[in-house]
Each structure stands twice: as C-alpha cells, then as structure tokens.
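User: Please take a close look at the charged side-chain pairs in this model, and then follow the packing of the helices around them and elsewhere. A connected account is fine.

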Amino acid sequence: MRGSTVGREVRGGFATFFTMAYIVVLNPLILAAGVDATGAKLPITALAAGTALVAGVMTILMGVVARFPLALAAGLGVNALVAYEIAPEMTWADAMGLVFIEGVLIAILVLTGLRTAVFKAVPTQLKTAIGVGIGLFLMIIGLVDAGFVRRIPDASGTTVPVELGIGGKLTSWPLLVFCVGLLITLVLFVRKVKGAILIGILASTVLAIIVEAIGHIGPSFVDGKPNPEGWSLNVPTLPDKIVDLPDLSLLGKFNVLDSWSRAGVLVVLMFVFTLLITDFFDTMGTMVAVGQEGGLVGDDGMPPRTREILLVDSVAAAAGGAASVSSNTSFIESASGVAEGARTGVANLVTGGLFLVAMFLAPLVTVVPFEAASTALVVVGFLMMLSVRQIDWTDYEIAIPAFLAITLMPFTYSISNGIGAAIIAYVVIKLAVGKARQVHPLLYGVAALFVLYFLRGPLETLL
C-alpha cells in the first residue's frame with residue numbers, strides 16, 4: 001500500500017475530514033444567502049445534508065476509482081459565483097443546471113485529453129492571480145456577511161461607500177463574536193492545530209449561543225424591519241433536534257435548458273465558461289500539491305492515475321449541480337491526511353464515511369450565524385492569498401492582468417468580471433508589444449467572448 005498501513009490510512013482519513021468538515025456548515029450558509037431571479041432561497045438543512053452526501057459519495061468514489069488520497073466537497077469560490085452572480089439571473093434549478101453542464105464539459109475534456117491543453121492555454125501566473133482574486137472575494141463576502149463591513153446607509157455626504165461595523169464602530173454583540181471567533185481561528189491556525197477552521201466555527205457558535213441566551217439579541221430583520229445589531233441568517237439557539245433524518249429534497253432539482261431562454265445565450269455561455277475557469281485549474285494544482293506532499297508524483301511531476309483523478313473530479317462537479325449544492329472539487333486540505341500517513345484510497349473510505357454520517361447532523365447548521373461561520377472565509381481568503389508571491393510583479397505584461405483579476409473580483413463582487421478583465425488586458429497588451437504569438441489561440445476567442453460579455457448592455461439596446 002505505497003509504504004502505508006491500515007492504521008495510517010485511517011488516521012489520515014480522520015485528519016482530512018476534520019480539516020475540511022467546515023464545508024458542511026459553510027457551503028449551506030453561502031448558498032442560503034443567495035436569492036434567485038424569482039426571490040426564492042434554498043433551505044439550509046437540505047443544503048447541509050446534500051453537501052455532506054455528495055462529498056461523502058464522491059470522496060469514496062475517488063478512493064475506489066483513482067486510489068489516491070484526495071477528498072472532494074463543494075468548492076469555495078464556485079459556490080459564491082453560483083449564489084451571488086448566476087442564481088440572481090435565473091432560477092436555482094437553472095443555475096444548478098449550468099453547474100451540471102460544466103461538470104459534463106470537464107468530463108468530455110478529460111476523456112478527449114483536451115483538459116491539459118486548455119490548462120496550458122492560460123498563463124500560469126494568470127491562473128495564480130485568478131485564485132488569489134477568488135480568495136479576496138471570499139474574504140469580502142465573509143466580512144460583509146458578518147456585518148464587519150457595511151454599506152453606509154446615506155452616503156450622499158461622502159464618497160466612501162462602505163464603513164466599519166455600524167457607524168464606523170463595532171457596537172454590536174454579534175460583531176464582537178465575529179472578532180473573537182476570528183482571533184481564535186487565527187491563533188489555532190498559526191499553532192498548526194488540525195481542524196483549526198472547524199474548531200473556530202464551533203467555538204464562535206458556542207460563544208454566540210451564550211451571548212444570545214444572555215442578551216436576547218434576535219435576528220437582523222424583525223417583522224421585515226432591519227435590526228442592524230441582530231444576528232445574520234440564523235439566530236444561535238439550540239435546535240429541537242440535533243440528529244435527524246437527512247433532508248434530501250434538493251436532489252435532482254436542476255434544469256439544463258431553461259436558463260438559456262431566461263438569461264440569454266451570451267450570458268449563459270459566459271457563466272459556463274467562468275464556472276469552467278473557476279473550477280478547472282484547482283484540481284490539477286491540488287492533486288500535484290497533495291502528491292508532492294506524499295511523494296506520490298512521477299518523473300513528469302504528475303501523480304499516478306491522473307486521468308482517473310480528473311475524471312472523478314469532473315463527475316463530482318456534475319453531481320454537485322444535480323444535488324443543488326454547487327460544484328464539488330478536490331480539496332487541498334487532503335494534504336493534512338497525507339501528512340498523517342495516508343497514501344492510498346483507503347483513507348478516502350474513512351473520510352467519505354464520516355461525511356455520510358455528518359448528513360444526520362444537518363439540523364446543527366441552523367444554529368450557526370454568519371458571524372460565526374464567516375471567520376472561515378477570512379482564513380481561507382488568507383490561504384488563497386499566499387500564492388500572490390508566485391507572480392512576477394516586475395513583468396508588467398503579466399502583472400497588470402494579474403492585478404486586474406485580483407482587485408476587480410472583490411471590488412465588483414464578481415469573479416466573472418475579474419477573469420474577463422484580466423484575459424482581455426493580457427491579450428491587448430501582448431498585441432500592443434508585438435508578442436501576439438505568445439498568446440494561445442484559444443485565448444483570442446475567450447477574450448472576444450468577454451468583450452461581448454462586457455458590452456452586452458449596449459448590444460441588447462441596439463438589438
């Protein structure tokens with residue numbers, strides 16, 4: 001077993017689960033915060049159960065088919081794209097249908113060998129910048145959802161659009177819970193405590209429950225009226241049930257074709273492409289990084305059974321759409337299991353089994369307010385930011401597109417805008433300096449599509 005033992009595999013499987021179990025809480029909170037074009041929201045307990053189910057099944061499938069210690073779950077970044085950009089343009093079923101289409105397309109690219117070709121089309125440093133931008137986007141989502149950053153109610157007398165807390169002050173108990181929870185998580189992380197993010201969420205939630213029991217703060221909206229000092233999304237009180245049969249009502253609630261007529265062909269194409277870009281490159285980087293951690297890469301720098309790994313990952317993306325929990329992808333947290341000795345797919349059987357057990361604990365997700373869960377988004381944003389040092393900031397030809405990708409995602413609240421602006425700038429700059437041959441032919445077509453995407457307002461008016 002690649003120099004491993006059953007004991008090491010079991011220990012590695014537990015380590016991987018506890019370092020990524022936060023996704024069972026975080027993914028439902030991100031998706032439940034979104035509203036589709038009809039004003040509908042997704043039920044949080046069903047999201048939690050579906051998140052755990054797909055993560056469990058796909059992680060086990062990776063272990064059986066690819067025999068590689070790489071766990072999968074709903075991807076951060078893609079779920080934010082679905083909740084904040086795609087769903088508002090259509091129904092939730094339509095949005096999840098696009099996620100399903102994206103997974104099928106990636107599977108086709110894997111089977112035809114084109115995934116590697118597309119992977120090489122986008123410059124490495126630009127792919128890095130996209131990842132960093134998504135990290136900052138997740139961070140700003142966490143800060144806004146926790147109420148740490150807010151819109152200024154009446155900004156007529158100032159050019160500043162946002163402020164710290166309420167009136168520039170941290171005046172509410174929920175904000176204090178967020179700050180304390182974030183500090184706890186950061187200290188645990190710096191001390192290299194396994195499962196630091198999950199422990200941080202749990203500790204913040206316990207503190208929130210105590211604060212609510214004493215202060216009776218209530219929700220952020222009471223009878224339709226805003227309560228700025230209240231809890232966001234969930235009021236932290238213990239549920240009637242801690243263990244319950246999983247609510248799997250969202251399974252199969254997706255439409256493949258309706259979105260094309262509702263949002264328009266161009267918008268749908270760009271959303272699918274953005275999903276592909278957002279979800280596409282993570283797995284290849286993740287599997288190599290995990291393989292390197294365990295000494296499982298060959299002379300070509302790739303792990304064994306690469307094709308099987310990529311195929312399962314693409315199936316997981318489609319499965320996430322079919323279950324209405326967003327695209328599932330490989331998690332870098334799998335490296336924690338490898339560090340504990342995992343070298344084969346046996347560890348995945350343990351991790352996947354624990355995710356399936358977590359389905360029955362879905363009611364606990366309704367206890368967690370944004371102020372407790374958003375700490376994870378800030379830490380994940382930091383982790384994704386670390387890659388920024390791989391960008392050569394002295395080379396303006398790549399640094400400027402990278403800068404646009406990194407800054408426009410959080411500042412426009414859109415992953416699509418960041419990717420589009422970066423690719424257009426990269427192509428235009430290369431053409432301007434006489435280096436057109438350095439641009440992959442595929443990128444010219446992608447840049448043209450993004451130009452149409454940004455001009456779709458004037459074009460719709462003309463047409």
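Analyst:
**Charged pairs and helix packing**

At a relative accessibility of 26%, E308 counts as partly exposed. The model is a predicted one. E308 is joined to R305 by a salt bridge in which the closest N and O atoms lie 4.0 Å apart. Its partner R305 has a relative accessible area of 29% and is therefore partly exposed. Over the whole structure, the search returns four salt bridges.

Another of these pairs is K241 with D244, whose side chains meet at 3.9 Å, N to O. K241 has 46% relative accessibility and so is classed as partly exposed. D244, at 30%, is likewise put in the partly exposed class.

The pair K435 and E397 has an N to O distance of 3.0 Å. This salt bridge connects distant parts of the chain, since its partners are 38 residues apart: K435 sits in the loop between helix 17 (415-432) and helix 18 (441-454), while E397 belongs to helix 16 (residues 396-412). The two ends of the bridge fall into separate burial classes. K435 is partly exposed because its relative accessibility is 31%. E397, at 15%, is buried, the cut-off for that class being under 20%. Through salt bridges with shared partners, E397, K430 and K435 form one network.

The two helices on either side of the K435 loop also meet each other. The axes of helix 17 and helix 18 approach to within 9 Å, crossing at roughly 125 degrees. That makes the pair oblique, because the angle is not over 145 and does not lie in the 65 to 115 range. The crossing of helix 17 with helix 18 is left-handed. On the helix 17 side the contact involves S416, N417, I419, G420, A421, I423, I424, Y426, V427 and L431; helix 18 supplies L443, Y444, V446, A447, F450, V451, Y453 and F454. In general, an α-helix has 3.6 residues a turn, so residues three or four places apart point the same way.

Helix 9 (residues 196-215) and helix 15 (residues 370-385) give another packed pair, with axes 7 Å apart and an angle of about 150 degrees. These two helices are therefore roughly antiparallel, the threshold being over 145. Helix 9 and helix 15 cross in a right-handed sense. Their contact is made by I197, I201, S204 and T205 from helix 9, together with A372, A373, T375, A376, V379 and V380 from helix 15.

Helix 14 (residues 346-358) can be checked by its length. Its 13 residues should span 18 Å at 1.5 Å a residue, and the end C-alpha atoms are 19 Å apart, which agrees. The buried residues of helix 14 are A347, N348, V350, T351, G352, F355 and A358. They pack against helix 1 (6-20), helix 2 (23-32) and helix 3 (44-66).

One residue of helix 3 is T51. With a relative accessible area of 1%, T51 counts as buried. Setting aside sequence neighbours within four places, T51 has contacts with I23, V24, N27, P28 and V325.

Helix 5 (residues 92-112) has 21 residues, and the distance from its first C-alpha to its last is 31 Å, close to the 30 Å expected. Of those 21 residues, 15 are buried, so helix 5 is mostly covered. Just after helix 5 comes G113, which takes a positive phi of about 80 degrees.

A final contact concerns L276, located in helix 11 (residues 265-293). L276 is buried, because its relative accessibility is 15%. Beyond residues up to four places away in sequence, L276 touches E102, L105 and I106. The C-alpha atoms of L276 and E102 are separated by 6.1 Å, although the two residues are 174 apart along the chain.

Technical notes
Residues are numbered from 1 along each chain as its sequence is written. This is a predicted model: local features need pLDDT of at least 70, side-chain atom pairs count only at pLDDT 80 or more; totals for chains, interfaces and linings use all residues. Side-chain values use heavy atoms; hydrogens and water are left out. Buried means under 20% relative accessible area, exposed over 50%, partly exposed in between (1.4 Å probe, protein chains only). Helices (H or I, at least four residues) and strands (E, at least two) are DSSP runs, numbered from the N terminus. The expected span of a helix is 1.5 Å times one less than its number of residues. Contact means heavy atoms within 4.5 Å. Axes are lines fitted to C-alpha atoms, for helices over the stretch in contact, and angles run from 0 to 180 degrees between N-to-C directions. Angles under 35 degrees count as roughly parallel, over 145 as roughly antiparallel, 65 to 115 as roughly perpendicular and the rest as oblique. A crossing is left-handed if the near helix is turned anticlockwise from the far one by less than a right angle, and right-handed if clockwise.
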